[in-house]
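This report describes a protein chain, moving from its overall make-up to its cores, its central sheet and some individual residues. Please read it alongside the sequence and the model displayed here.

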Amino acid sequence: MANLVNLENVGKSYGTTTVLEQVSLGIDDSDQIGVVGRNGGGKSTLLNLITGAETPDTGRVTRTGGIRIAAVDQQGRLPAGATVRDIVVGDAAEHEWAGDAAVRQVLTGLGLAELGFDTGVDRLSGGERRRVSLASALVQDAELLILDEPTNHLDVEGVTWLADYLTKRRGALLAVTHDRWFLDAVCRRTWEVTDGGVRGFDGGYAAYVLARAERERQAAASESRRLNLMRKELAWLRRGPPARTSKPRFRIDAAEALIADVPEVRSKTTLQALSARRLGRSVYDVENVDLSVGGDGERKQLLHDATWHVGPGDRIGIIGVNGSGKTHLLRLLTGELQPDAGRVGIGQTVRVGYLSQNVTELPSTLRVIEAVTEVRTTAELGGVELSAGQLAERFGFEGQRQWTPVSDLSGGERRRLQLLRLLLAQPNVLLLDEPTNDLDTDTLTALEDLLDSWAGTLVVVSHDRYFIERVCDSTVALLGDGSIAALPGGIEEYLQRRAARPASSATLTPSAPSASGSSETAAEGEASRQPRGDPRAARKEINRLEREIARLDKRETALHESMADHSTDYARISELDAELREVLRAKDEAESAWLELATDD
């Protein structure tokens, strides 16, 4: 494998702020790399240096001659006045792309049927612009694909399709994302951008969490609070749904040792009992509700004769395609909207905290800590009283950062402050609309930890699959038929229902490319899901895999010893190295299968 891009001792500063310093790394032609790190830590700068959009202040960036790079930036900028056709296929003749199966797959998977090729991009919404930008990059025959927050504005179905497409795509991938499910599903390596440097880890998010927790355990016992938080996250990754461990890149014994004494992330029974004392017996009763939106001539019905009950301590995730009415449902619960028919009953003791998608105006004349204490100086979470400063620190505002003017905060920092102020108001019902927008993985983990000990009713609208599975105990969906459908099988059931819906009659034409969903891809995914079998068969397979892993461990050790003995015999070293790579690949597959079966067991 040859490196497509190399960075050698690269440094980059803006004014007096050093973003990257002495960074050396490479991307080979089969890498699938996820990039994580704090907001403002230098991730986008790193991508710009790799693409050549920016030049380093020190060091050098080299690229293989003639390398083809396709990139999508975080803003999804598109040239004014262009059409969807201009962006996706350029000036290519219709016969050159209309019969191209790869182009058709991308257009279908990203749901571009409704737009039409001659639609001007200036008229598109943010989500539509993001999908057009992605389509433009994916249809290119690029050796290196660079994506900055590719899952922004995509629904759960779109993210699932994109992950499946990228895992099958040939070529290198570099993706900055805070979507942890996407990281685990797609990436085989993870780069953490922190403190001006870049640390590399094998595997996706699960492996990254383990390696980081182990690194910090060895570095300093004084980091106990941070370490415990990461061990809790690792326990969730190990014990959560099968998707959480679909592509692990870490040693089983190390994972088990770290999480052996970590309790479950939360006690559902205890939290529900506490919630009932705060909320009584009733929270929300949606009864036979009709809701439509739009003008008189173009009314769209979102709910029809919908009935739904939300009780004390319920933790519910709401999913559905874009435009299905998820935000409108939350606004019904807050009382901002009134139904066309039916009723929405709200419990007398309900004190709601509502986080909208748009960042509520914050007091820009105040500093961060002043904006926090303006709401409350202390708060009790999980039976522990925390000061405003301690809460601010848990949300990433450490030390002098607490004295930063609100007007100087980035979008992600403003979102964090908005969430913090909401929690400080101590509502007993939280309605969160896309709470993970603009938040980095560390802040998401801190938020999830806070919600674990929060006794109240939680209703979350989110396209972040990881967050929904992590903080919610049940899931409902708006499937476009006017109902609020319960999903006992969670997001997997939602995807199966979407895949099983009747295929659209739309055809892929220049004026209206079909995209009723990736029915072909979904069908392939459905066919690949095999029955788990009975428990005894699963246990037998687990035992077999444990023996296989032990055998491969011994072979790996023997190969390392043999390589040491033949360190000057380059021909023999090459043969041993090839065998070692095969052993590691086989062991990785066995560990993946073991973890998935053990999670289901």
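A residue is called buried when its relative accessible area is under 20%, exposed when that area is over 50%, and partly exposed in between, using a 1.4 Å probe and protein chains only. By that criterion, 50% of the 601 residues of the chain count as buried. The model is a predicted one, in which local features need pLDDT of at least 70 and side-chain atom pairs count only at pLDDT 80 or more, while totals for chains, interfaces and linings use all residues. Residues are numbered from 1 along each chain as its sequence is written, and side-chain values use heavy atoms, with hydrogens and water left out.

**Confidence and overall make-up**

The predictor's confidence in each residue, pLDDT, runs from 0 to 100; the chain averages 79, and 76% of the residues score at least 70. Helices (H or I, at least four residues) and strands (E, at least two) are DSSP runs numbered from the N terminus, and the chain has 21 helices and 20 strands. Confidence is lowest in helix α19 (residues 519-528), with a mean of 36, and highest in strand β7 (residues 172-176), at 95. Two stretches should be read with care. Over residues 242-252 pLDDT stays under 50, and the model has 49 contacts (heavy atoms within 4.5 Å) beyond four places in sequence for them. Over residues 504-532 pLDDT also stays under 50, with 50 such contacts in the model. Among contacts in the chain between residues at least 6 apart in sequence, 71% join residues at least 24 apart.

**Nonpolar cores**

A nonpolar core is a set of buried Ala, Val, Leu, Ile, Met, Phe, Trp, Tyr and Cys residues joined through side-chain atoms within 4.5 Å. The largest such core has 46 residues, and those with the most contacts inside it are Val 132, Leu 138, Leu 166 and Phe 182. Helix α6 (residues 156-168) gives the largest share of this core, 6 residues. Leaving aside residues up to four places away in sequence, Val 132 touches Leu 78, Val 84, Ile 87, Val 88, Leu 112, Leu 115 and Leu 124. A second, separate core has 42 residues, including Leu 450, Leu 451, Ile 468 and Leu 495.

**The sheet around β19**

Strands pair if DSSP finds at least two bridges between them. An open sheet of 6 strands, with mixed pairing, follows the order β14-β17-β18-β12-β19-β20. Strands β14 (352-355) and β20 (485-486) stand at the edges with a single partner strand each, so one side of each is left without a neighbour in the sheet. Strand β19 is mostly covered, as 4 of its 5 residues are buried. The pairings of β19 are set out below.

| Strands | Sense and bridges | Residues opposite |
|---|---|---|
| β12 (residues 315-320) and β19 (residues 474-478) | parallel, 5 bridges | Ile 318 and Val 476; Gly 320 and Leu 478 |
| β19 and β20 | antiparallel, 2 bridges | Val 476 and Ala 486 |

Strands β19 and β20 form a hairpin with 6 residues between them, and Gly 480 in the turn has a positive phi of about 90 degrees. Helix α12 (residues 326-334) lies across β12, β14, β17 (429-433), β18 (457-461) and β19, running at about 155 degrees to β17; here axes are lines fitted to C-alpha atoms, for helices over the stretch in contact, and angles run from 0 to 180 degrees between N-to-C directions.

**Helix α15**

The expected span of a helix is 1.5 Å times one less than its number of residues. For the 14 residues of helix α15 (residues 411-424) this should come to 20 Å, and the end C-alpha atoms are 20 Å apart, which agrees. The helix is mostly covered, with 12 of its 14 residues buried; among them are the charged-type names Glu 413, Arg 415, Arg 416 and Arg 421. After α15 comes Gln 426, whose phi is positive, near 55 degrees.

**Residues with positive phi**

Most residues other than glycine have a negative phi. His 153, although it is not a glycine, has a positive phi of about 70 degrees. His 153 sits in the loop between β6 (144-148) and α6, and it is partly exposed, with a relative accessible area of 47%. Glu 434 is another residue other than glycine with a positive phi, near 50 degrees. Glu 434 lies in the loop between β17 and α16 (441-452), and it is buried, with a relative accessible area of 7%.
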